[in-house]
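Please open the structure in your viewer and keep the selection panel at hand. The stops below proceed one selection at a time.

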Amino acid sequence: MTEHSPVPEPVEGTDDEPYDVLIVGGGPAGLSAALNLARSLARVLVVDADRPRNAATLISHGFLTRDGIPPHELRRLARAELAAYPNVTIRSRERVFQLQADGSGFAAEIGRRAPELTVRAHRVLLATGLRETLPEVPNLRGFYGVTLFSCAACDAWELQDRPLALIGETPDLAARARLIARWTTRLTVFTNGADTVDTAEEAELAAAGIAVERSPIAELHGERGALTGITLADGTEHAVEGGFVRPEWETDLSFLPALAPDLDAHGHLAVDRAGRTSVPGLYAAGDVASPGPQQLIVAAGAGARVAAVMIHDSIGVATAH
Ligand SMILES: Cc1cc2nc3c(=O)[nH]c(=O)nc-3n(C[C@H](O)[C@H](O)[C@H](O)COP(=O)(O)OP(=O)(O)OC[C@H]3O[C@@H](n4cnc5c(N)ncnc54)[C@H](O)[C@@H]3O)c2cc1C
């Protein structure tokens, strides 16, 4: 470990014996790591605020053997499996408020609404996912996760061949449009007033039969999450039957200011191929560390891989198998 700053006095209580691993975040990345660490006899604590990124959606796709499963059911099944391992503790609907170095390991302040307990661990896995900010479009959230999605690989199958919208304000909008055009020939890009598709890109999209609308969006129409139309500020009406939105994604790492691990160009945690951050003993897996694809099974795979690496590192062996 590197030089560590002193740990503040414990808040209320202390869970005295250090855990082998503290996992922050109980999505597919964190829970998959917990399962594999448990099976390697590690004493594991999972602290999970229980606010998964995909909470907006009713059905998840693309997870082998679980295609079409509700997101909460996938988590329930994972936790039920973990219940068979007495060396795993899950603290649900609690969060880590502060994480810092402590001797040769780490100390975390955890609790529901405020720090209530200090726990210590030799190693920490960050699996906290991403936060999303949707474009500022009136009533967009009412359609998100039902007929408006962010991940084409996850949800475009159900929307194929329909007239679709792509709503976004980021510079990768034209590239995303070309991807979504794989599933439909009737696609319109809505920049919501942002100047993000340049004229060369617009010409390229037009050649592929994709129109670009630059006027701000005044209103989305539809009932019970089923998007049926878009009205622009210039009065133009578009009939659509769903589509995609490009949120802004950001990590929330405000609970570890003193550790300051390196970030990549997208603000995600920078990790090596094994999931090690720039801080010794601190690892990351899932959306918080990955430029993509941001998918459940990819996050679960990253969790399994980092679990093996944490065990290898703890005993100082380097093996790929
Ligand atoms: C609308 C939508 C639909 C999607 N549909 C699909 C799909 O069909 N198929 C697919 O493969 N992928 C889908 N995804 C992507 C998928 O949800 C993510 O790739 C996946 O959830 C990433 O897993 P994760 O474990 O990294 O993070 P998450 O699942 O987001 O879990 C992170 C957990 O960490 C917790 N946490 C955060 N900060 C703290 C803290 N300080 N202390 C304690 N806990 C904390 C959060 O509350 C959360 O429970 C979808 C995403 C969205 C937004």
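Begin by selecting strand β9 (residues 164-168) together with strand β10 (residues 187-190): the two run parallel and are joined by 4 bridges. Please bear in mind throughout that this is a predicted model. Within this pair, display Ala165, which stands opposite Thr188 in β10.

Next, extend the selection to the whole sheet to which these strands belong. The sheet is open and consists of 5 strands in the order β8-β15-β9-β10-β11, with parallel pairing. Which strands stand at the edges? They are β8 (148-149) and β11 (211-213); each has a single partner strand, so one side of each is left without a neighbour in the sheet.

Now turn to the other sheet on this tour. Select β12, β13 and β14, which form an open sheet of 3 strands in that order, with antiparallel pairing. Here the edge positions are held by β12 (217-223) and β14 (237-239); because each has a single partner strand, one side of each lacks a neighbour in the sheet. On average, neighbouring strands of this sheet are turned by 20° against each other, direction ignored.

Within this sheet, isolate strand β13 (residues 226-232) and β14, which run antiparallel and are joined by 3 bridges. Display Ile230 and look for its bridge partner in β14, which is His238.

The final stop is the ligand. Select the residues that surround the ligand: there are 35, and the closest are Asp48, Arg51, His61, Asp287 and Leu296. Colouring this shell by class gives 13 nonpolar, 12 polar and 10 charged residues. Colouring by domain shows that domain 1 (14-130 + 251-314) and domain 2 (135-246) each contribute at least three residues to the shell.

Which helices and strands each supply at least two residues of the shell? Highlight the helices α1 (28-39), α3 (152-155) and α6 (296-315), then the strands β2 (44-48) and β4 (95-102).

Then examine the backbone around the ligand, one residue at a time:

- Leu296: a backbone N or O atom lies 2.8 Å from an oxygen atom of the ligand.
- Val96: a backbone N or O atom lies 2.9 Å from a nitrogen atom of the ligand.
- Asp50: a backbone N or O atom lies 3.4 Å from an oxygen atom of the ligand.

To conclude, display the surface of the ligand: taken alone, the ligand exposes 1000 Å², of which the protein buries 97%.

Notes: Residues are numbered from 1 along each chain as its sequence is written. This is a predicted model: local features need pLDDT of at least 70, side-chain atom pairs count only at pLDDT 80 or more; totals for chains, interfaces and linings use all residues. Side-chain values use heavy atoms; hydrogens and water are left out. A residue is near a molecule or strand if one of its heavy atoms lies within 4 Å of it. A polar contact is a pair of N or O atoms within 3.5 Å; within protein, one must be able to donate a hydrogen and the other to accept it, and residues adjacent in sequence count only if both atoms are side-chain atoms. Accessible areas come from the Shrake-Rupley method with a 1.4 Å probe; for residues, only the protein chains shown count as cover. Ala, Val, Leu, Ile, Met, Phe, Trp, Tyr, Cys and Pro count as nonpolar, Asp, Glu, Lys and Arg as charged, and the others, Gly among them, as polar. Domain bounds come from an automatic or database domain assignment. Two strands pair if DSSP finds at least two bridges between them. Axes are lines fitted to C-alpha atoms, for helices over the stretch in contact, and angles run from 0 to 180 degrees between N-to-C directions.
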